[in-house]
Amino acid sequence: MFIRLLKESIARNPRRKLLAGAALVLGMAVATATLTVAVDVGDQLAREFQSFGANLLVTPQQDTLPVEIGGVDYRPVTEGAYLPVAELPKLKSIFWRHNILGFAPFLDSPVNVAKTVAKAVTKANPNGTDSEFASTLVGTWHKHSLKVDDGSGTFTTGAAATSPWWKVDGRWFDDESQECLIGARLARAKQISTGDQLILSSPNWPASATVVATGIVSTGDSTDDAIVCPLSLAQKIAAKPGEFRRLSVSALTRPEDAFSRRDPNTMTPTEYDRWYCTPYISSIAKQIQEVFPGTRVQAVRRIAQTEGTILSRVGLLFWIITIAAVLAAALAVAATSATSALERRSELGLMKALGATNLLIGALFLSEQLLIALGGGLVGFAIGAGLARKLGETVFGVASPPRLLVLPVVLAIAALVSALASWIPLYRASRISPAPVLRGE
């Protein structure tokens, strides 16, 4: 009997049911879209922030104190300690190894540079070169394949991953070649062009190396005044085989919050496990330091703090949109429920006169609203998944896939909205006295 009454109740006055369902569809579609994008927004924003470069810097703990002014390191390039390249595969063995998107070792060395030109060979100029000048040689990887033990076998990394903002007019060098890039300011000052040959020499190396400039690189930092070459060549010229000076790491991290800024030494064991197993930039730095003893791992706070600020604001915006959509749906459902209860006063009075209890009437109306919520939630989820995909493509350039985890959340929100919005009309319906209604009052 209850099922029959429920079917007839839903079939009666379908326009109001459709209006309530449409309001729930729109509200749940917006909620689905925002919740789906919110699930991915952290990783997507983090990947977008990789265009700002590495967010971790690894240096020897015994290194000299940094002397930086305006982001430029003014320490002599000959000073400092060094780290072994052979230890780099350990980066892909930490707990958050899959969050290490790339890393690039750097080795700086002072060099004397001579540009080969069509000059007469004399005793004073046996190589037929232009006048020499002093510069800094920066050795690094461009795209270097490294053997690791994370299951993939090899990992390709280098400055292409950690310094994507570097602009090269020409082409990058090959990692095992006698090629180089010329910093933009140095190229202008010394009139060096792509294709020019340079002779590099160093007090640490009795021989010299002839390299070909394959491009002009613009970095926006002190590298614009340097020569960038393969790490193996820089190690040979600097007489530092198998070593590097500093390491830039790009890691996919969770934006900082109040918990991540706490001192791990003051945490309880449970809190420490939670911190260690969350990809905060501080916890990843700790894990890197564990596999590289004797190093100092510093977070590039400019990137980490900016990422956290923007993600917090984007998350707040999503919450505001979601709450506004749910409130609008709740108001529409409340209005239709109230109107439906007023129109069915005579029916409710008759049911009470025939012995229906308040519990039965409430269950009838609530079941009707929950069925509408179920239908509206399912349709809204389907539409919202499409909206989320389009939103992800428009904002982040990557489509957000449908998340089935969001479906039960959306259905629960739809049911809660319908139940709460119908509570006042249901309460008033249960208070109807059958006698006045049957008399037509």
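# Exercises on a predicted model

Leucine 252 has 8% relative accessibility and is buried (under 20% relative accessible area is buried, over 50% exposed, in between partly exposed, with a 1.4 Å probe and protein chains only). The model is predicted, so local features need pLDDT of at least 70 and side-chain atom pairs count only at pLDDT 80 or more, while totals for chains, interfaces and linings use all residues. Residues are numbered from 1 along each chain as its sequence is written, and side-chain values use heavy atoms, with hydrogens and water left out.

**Exercise 1. Place leucine 252 in the fold and relate it to asparagine 55.**

Step 1. Leucine 252 is in the loop between β15 (246-251) and α6 (269-276). Helices (H or I, at least four residues) and strands (E, at least two) are DSSP runs, numbered from the N terminus.

Step 2. In sequence, leucine 252 and asparagine 55 are 197 residues apart; in space, their C-alpha atoms are 9.0 Å apart.

**Exercise 2. Find which residues are linked with Arg185 in a network of salt bridges.**

Step 1. A salt bridge is a side-chain nitrogen of Lys or Arg within 4 Å of a carboxyl oxygen of Asp or Glu. By this rule, the model has 7 salt bridges. Side chains of opposite charge can pair when their charged atoms come close.

Step 2. Arginine 185 pairs with aspartate 224, with the closest N and O atoms 3.7 Å apart. Arginine 185 sits in helix α4 (residues 184-190) and aspartate 224 in the loop between β12 (205-218) and β13 (227-230), so this pair ties together parts 39 residues apart in sequence.

Step 3. Arginine 185 also pairs with aspartate 225, and here the closest N and O atoms are 3.0 Å apart. Aspartate 225 is in the loop between β12 and β13, so its pair with arginine 185 of helix α4 ties together parts 40 residues apart in sequence.

Step 4. Arg185, Asp224 and Asp225 are therefore linked in a network of salt bridges. As for burial, arginine 185 is partly exposed at 33% relative accessibility, aspartate 224 is buried at 7%, and aspartate 225 is partly exposed at 38%.

**Exercise 3. For the salt bridge between arginine 171 and glutamate 179, give the distance, then the exposure of each partner.**

Step 1. The closest N and O atoms of arginine 171 and glutamate 179 are 2.7 Å apart.

Step 2. Arginine 171 is partly exposed, with 41% relative accessibility, whereas glutamate 179 is buried, with a relative accessible area of 14%.

**Exercise 4. Examine the phi angles of glutamine 191 and alanine 239.**

Step 1. Most residues other than glycine have a negative phi.

Step 2. Glutamine 191 has a positive phi of about 55°. This residue is in the loop between α4 and β11 (197-202) and is exposed, with a relative accessible area of 61%.

Step 3. Alanine 239 has a positive phi near 60°. Alanine 239 is in the loop between α5 (231-238) and β14 (243-244) and is partly exposed, at 39% relative accessible area.

**Exercise 5. Describe the second largest cavity by volume, lining and residue class.**

Step 1. On a 1 Å grid over the protein atoms alone, a cavity is a set of points where a 1.4 Å probe fits but cannot get out; a pocket is an open set with protein on both sides within 12 Å along at least five of seven lines; lining residues have an atom within 4 Å of a point. Grid points are joined across faces, edges and corners, and a volume is the space filled by probe spheres set on the points.

Step 2. There are 2 cavities of 30 Å³ or more. The second largest cavity has a volume of about 40 Å³.

Step 3. Its lining consists of Ser337, Ser340, Phe365, Glu368, Gln369, Ser422 and Leu426. Two or more of these residues come from each of α8 (301-343) and α10 (358-395), and α10 gives the largest share, 3 residues.

Step 4. By class, the lining has 2 nonpolar, 4 polar and 1 charged residues. Here Ala, Val, Leu, Ile, Met, Phe, Trp, Tyr, Cys and Pro count as nonpolar, Asp, Glu, Lys and Arg as charged, and the others, Gly among them, as polar.
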